[in-house]
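Here are my notes on the model, set out point by point. Please read them with the structure open.

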Amino acid sequence: MSPLIESEEQKALRAAVATLGTRHGRNHDPVELWSEAAKLGYLGVNLPEAHGGGGGGIADLSIVLEELGAAGCPLLMLVVSPAICGTVIARFGTEEQKQTWLPGIAEGTRIMAFGITEPDAGSNSHRITTTARRDGDDWILNGRKVFISGVDIADATLIVGRTEDARTGNLKPCLFIVPRDAPGFERRQIDMELTGREKQFELTLDDVRLPADALVGDEDAGLLQLFAGLNPERIMTAAFAIGLGRYAVSRAVEYARDRTVWRQPIGAHQAIAHPLAQAHIDLELARLMMQKAAFLYDSGDDTAAGEAANMAKYAAGEACVKAVDQAVHTLGGNGLTREFGLASLITVARVSRIAPVSREMILNYVSHQSLGLPKSY
Ligand SMILES: Cc1cc2nc3c(=O)[nH]c(=O)nc-3n(C[C@H](O)[C@H](O)[C@H](O)COP(=O)(O)OP(=O)(O)OC[C@H]3O[C@@H](n4cnc5c(N)ncnc54)[C@H](O)[C@@H]3O)c2cc1C
């Protein structure tokens, strides 16, 4: 199937989610929306049917997030709970882990956060120092994380730590399920300029004791397993950005059609119309790249999906920032009022340029991996 043209099922999914999103709108109650979307089967569209999901892929889940975003009510935890954590557990978890987590994630009754970023590592995830050591059958985790979304509403956080290779002494990445109330697992909310249900937290893990089955997947295949989750994260961040950008453009178009200060509505002036047309084109192009990335990922080509997911995230983040900026500008003074609610989107839009991997780190990746240029770091 070509990623260029969505299947009939995907078109129907897009239309149905758009209807749900329009009903909830910008002033939605996120808890209510989450549970209604769950009941309709949207939260777990990508998860296996055998474990309560819809049996689709990241392409389907990205449609859900984009359409909710385009209606002004994106659910950020979709990026984390079903897309990263659900995918990693579905692909690499034990049967018991799948049964414990996947049906709840799909039904929306259980949420999982994801923690990789560390204060002293930031963009350089090779430098993370959260370490896991064995103590009998148990694991003991120590470390710090920062900017981790939704830890307070998540039943557990999938923490990226490292274990020591017994042979070489090198540290390799490993994924651990850390329950919210695990002794030694503390969180502190970061005061962000964002107003959403999903707050960001700084985490400390101080001798957190976990049972053997807290480890997800193979201790020796950490990097591969990690990227199985990070590629969906990038694709979903692109969906988040495209949805948000579409929402902003549609509000601006609505306004520009009516607002008249000379003889014509301001939308007749090309200085207003063209940048909105450009924003629309950029969002459409970003979506095309996102669909390619999702198609590659869903067909099992993790390597090709990696490059496409990075490019899609980059394109969508840039398109979103410009779309929101132009939308705010289109509304003149009203662009900065609470009534029209666009100015706060400037902050939200920037998230997709920074997280989960910044614009510069994607440009680095493309310079080195795609173009073969040397590294500066
Ligand atoms: C709202 C929000 C939600 C988040 N949610 C999560 C989450 O749920 N889980 C999680 O693990 N993380 C989360 N993050 C963290 C996010 O992934 C990081 O902020 C991001 O990876 C950047 O890391 P940093 O903030 O440490 O920036 P830094 O690494 O300190 O980078 C700062 C600046 O320097 C630039 N820079 C760094 N290195 C280079 C280089 N080699 N070349 C050129 N430029 C460079 C960067 O591009 C950036 O502009 C979230 C962040 C935000 C803002």
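1. Start with the crossing of α8 and α10, in what is a predicted model. Helix α8 passes α10 in a left-handed crossing. The two helices cover residues 302-330 and residues 359-370, respectively. Their axes come within 10 Å and cross at roughly 140 degrees. Angles over 145 degrees would count as roughly antiparallel. That crossing angle makes α8 oblique to α10.

2. Which residues of α8 meet α10? On the α8 side they are Glu-307, Asn-310, Met-311, Lys-313, Tyr-314 and Gly-317. Facing them in α10 are Arg-359, Ile-362, Tyr-365, Val-366, Gln-369 and Ser-370. The contact of α8 with α10 is mixed in class: five nonpolar, four polar and three charged residues.

3. A second helix pair deserves a look. Helix α3 (residues 58-70) packs with helix α7 (residues 270-298) at an angle of about 145 degrees. The axes of α3 and α7 are 8 Å apart. From α3, the contact uses Ile-58, Ala-59 and Ser-62. From α7, it uses Met-290, Gln-291, Ala-294, Phe-295, Tyr-297 and Asp-298. By class, the contact of α3 with α7 has six nonpolar, two polar and one charged residues.

4. Now the domains. The assignment divides the protein into domain 1 (8-111), domain 2 (114-220) and domain 3 (223-370). The C-alpha centres of domain 2 and domain 3 lie 30 Å apart. Their contact takes eight residues from domain 2 and eight residues from domain 3. On the side of domain 2 that touches domain 3, the residues divide into four nonpolar, three polar and one charged.

5. Where does the ligand shell lie relative to domain 2 and domain 3? Both domains give residues to the shell, so it lies between them. Four elements each supply at least two residues of the shell: β1 (112-115), β3 (138-149), α9 (344-354) and α10. Helix α10 therefore deserves a second look, because residues of α10 also meet α8 and the angle between these helices makes α8 oblique to α10.

6. Finally, the make-up of the ligand shell. There are 22 residues around the ligand. Those that come nearest are Gly-122, Ser-123, Ser-149, Ser-358 and Glu-360. By class, the shell has 13 nonpolar, eight polar and one charged residues.

How values were computed
Residues numbered from 1 in each chain as written. Predicted model: local features only at pLDDT ≥ 70, side-chain atom pairs only at ≥ 80, totals over all residues. Axes fitted to C-alpha atoms, helices over the stretch in contact; angles between N-to-C directions. Parallel < 35°, antiparallel > 145°, perpendicular 65-115°, else oblique. Left-handed = near helix turned anticlockwise from the far one by under 90°. Contact = placed C-beta atoms within 7 Å. Nonpolar A, V, L, I, M, F, W, Y, C, P; charged D, E, K, R; others polar. Near = placed C-beta within 6 Å. Domains from an automatic or database assignment.
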